[in-house]
Amino acid sequence: MTQTIIALLTILLSNTLFTPNAFAATQISATIDKNPIVVNESFILKITIDDDVDTNALNTSALLKDFVVGRTSVSSQTSMVNFKTTQTTTWTTLLIGKSAGDFIIPPFTIAGINSQAIKVQILAENDPLADKQQDIFITTEISTKEVYVQQQLTLTVKLHFAAELKRGSLSEPTLESASITQIGKDKEEDTIINGRRYRVIERTYAISPKNSGEFTLKSPLFSGEILVPSTRRNNMFSFSETKPVSVIGDEIQLLVRPIPETFQGTWLPSNLLAIHQDWQPDLTTFKVGEPITRIITLTAAGLSEEQLPLLEMTVPKGLKVYPDQAQLHTGMSSGHLVSQKVRNFAIVASKPGEYQLPEISIPWWNTVTNRYQIATIAAQKITVLPNSELNSAPAVMKNQQNKVLIPTETIVVTQASWLQWLFLTLWLLTALAWFISAKRSRPLAVKTTKIDNINNNPYLSLLAACKKNQGLEVLALISPWINTLQAKAGNKITATLDDALIEINDKKFQDEIELLQQCYYGKEQKTWQGKALTSLIQAINKQGLKVNEAKVLTLNPR
């Protein structure tokens with residue numbers, strides 16, 4: 001008897017579960033989660049059919065005319081109650097209304113069954129009913145709607161949401177043939193709109209069009225999930241579930257003007273461009289050998305850091321300039337992007353006198369007045385005074401600290417006279433007396449003689465300073481050393497470092513001296529190493545200097 005009942009139940013279940021027409025679709029429904037809807041705000045379209053059908057059976061292309069169609073998710077469910085099995089397939093699609101008005105969501109046909117059409121009312125953002133409908137929305141603010149090519153404009157995007165945000169992402173705005181960069185970090189604040197509290201996330205973009213013409217700036221799209229009360233409730237607990245949301249800002253029409261044909265130079269379109277200078281120390285007169293710093297600052301509104309031109313300066317002969325790397329800054333001021341370039345120039349004078357620094361000019365286009373303008377730093381005179389701490393004579397002398405100094409005066413004898421022979425005779429007698437004295441006392445003064453040779457020989461003193469990496473002493477010893485080579489060649493002695501470099505006429509040597517000066521006189525002082533310069537000095541000293549056509553005899557009157 002028991003086996004008979006089991007057999008009957010098996011036959012009954014098999015006929016119920018496995019008959020081909022047991023789960024044939026009989027109905028299809030189409031619903032939306034809210035109506036009316038605010039323009040640019042998302043709502044959910046849900047299509048449900050009572051059968052397990054292909055997930056690709058729903059075609060939403062008919063919605064593209066009036067709506068922005070977002071992501072679509074598909075779910076299937078099978079349930080059994082009292083031996084009765086039911087199956088459903090549900091499509092959930094996110095839609096956004098493009099414009100205000102009354103629209104119709106057309107019927108959908110799945111498995112030969114049609115859904116009903118749905119009338120949808122989309123409200124404008126300024127509609128009185130809109131404030132009561134929006135849980136989340138985007139506002140945009142642009143600095144200007146008419147710009148020139150490569151002129152930067154700023155777009156401020158604010159995402160407002162009153163519901164609890166579970167997760168989400170905000171895309172970037174898009175504009176054809178333009179560079180778009182976010183400025184700074186996101187800002188967050190709370191605000192109250194029509195008595196309702198909103199959380200606001202603010203993001204700012206810098207946009208620079210590359211081509212002229214009329215363009216449409218598409219605002220960012222937010223896609224995410226918010227928490228909403230669940231439809232499942234009981235007496236003890238309350239549940240929340242996530243709801244997908246999407247919202248998009250308004251599109252903005254832009255007019256991009258071309259570069260005026262009359263403009264000459266590097267194209268710099270700006271609301272405001274200014275250039276100015278500062279001096280450190282702030283003095284009207286300077287001294288030879290002392291570094292002074294000229295700080296040039298260029299500020300421009302509506303230009304990026306990359307668009308700012310290179311800051312350079314030229315100086316007359318007698319001045320050396322050592323520029324530092326430019327510093328760049330970007331920020332926002334009154335809704336406009338402001339960029340700044342600051343560059344320091346260390347200037348060192350080798351000779352006293354008055355110097356004329358040339359004018360610095362930067363042409364630019366004023367986008368407010370639509371006129372060509374030039375920002376300038378006027379030509380300026382500076383006075384360089386002699387430096388009592390830096391003497392300038394060819395022979396080697398020492399101060400109280402036993403440091404090498406350069407005497408200030410030189411006597412040049414251009415023709416033979418009886419004084420030459422007198423001084424030559426006295427010099428020979430002095431040398432002979434020194435030789436005899438040194439020979440007698442040689443065993444007792446070997447070490448002392450070696451030290452004196454270094455101190456009295458500019459070449460040895462120069463090598464010793466290089467070995468010890470003493471850059472300032474090296475600069476002081478260059479001219480005395482060259483003067484010894486000049487004396488051997490019978491040439492005219494030099495008085496300044498620039499003259500010495502001209503006599504040497506060696507590019508590598510000049511580069512090493514400039515590197516040395518940069519290490520000591522630049523804004524960022526660096527440790528100087530004298531190894532490379534030592535090799536060059538040894539090579540030049542070995543080779544010697546060429547003999548000039550007019551031979552002269554130099555004498556030290558002291």
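Student: In what order do the four strands of the open sheet lie?

Tutor: The model is a predicted one. In it, four strands form an open sheet with antiparallel pairing. From one strand to the next, the twist averages 20°. The order of the strands is β10-β12-β15-β14.

Student: Which are the edge strands?

Tutor: An edge strand pairs on one side only. This applies to the strand at residues 136-142 and to the strand at residues 178-193. The edge strands are therefore β10 and β14.

Student: How many bridges join β10 to β12?

Tutor: Strand β12 covers residues 153-161 and runs antiparallel to β10. Across this pairing, Glu 141 stands opposite Thr 156 in β12. The number of bridges joining β10 to β12 is seven.

Student: Are helices α5 and α9 roughly parallel or roughly antiparallel?

Tutor: Helix α5 comprises residues 458-467 and helix α9 residues 531-543. Their axes come within 9 Å and cross at roughly 165°. Because angles over 145 degrees count as roughly antiparallel, the relation of α5 to α9 is roughly antiparallel.

Student: What is the make-up, by class, of the contact of α5 with α9?

Tutor: On α5, the contact is made by Tyr 459, Leu 462, Leu 463 and Cys 466. On α9, Leu 533, Thr 534, Ile 537, Gln 538 and Asn 541 take part. Tyr and Cys count as nonpolar, as do Leu and Ile. The contact thus has six nonpolar, three polar and no charged residues.

Student: What is the handedness of the crossing of α5 and α9?

Tutor: The axes of the two helices cross at roughly 165°. In passing α9, helix α5 makes a crossing that is left-handed.

Terms used:
Residues numbered from 1 in each chain as written. Predicted model: local features only at pLDDT ≥ 70, side-chain atom pairs only at ≥ 80, totals over all residues. Heavy atoms only, no water. Pairing = 2+ DSSP bridges. Axes fitted to C-alpha atoms, helices over the stretch in contact; angles between N-to-C directions. Parallel < 35°, antiparallel > 145°, perpendicular 65-115°, else oblique. Left-handed = near helix turned anticlockwise from the far one by under 90°. Contact = heavy atoms within 4.5 Å.
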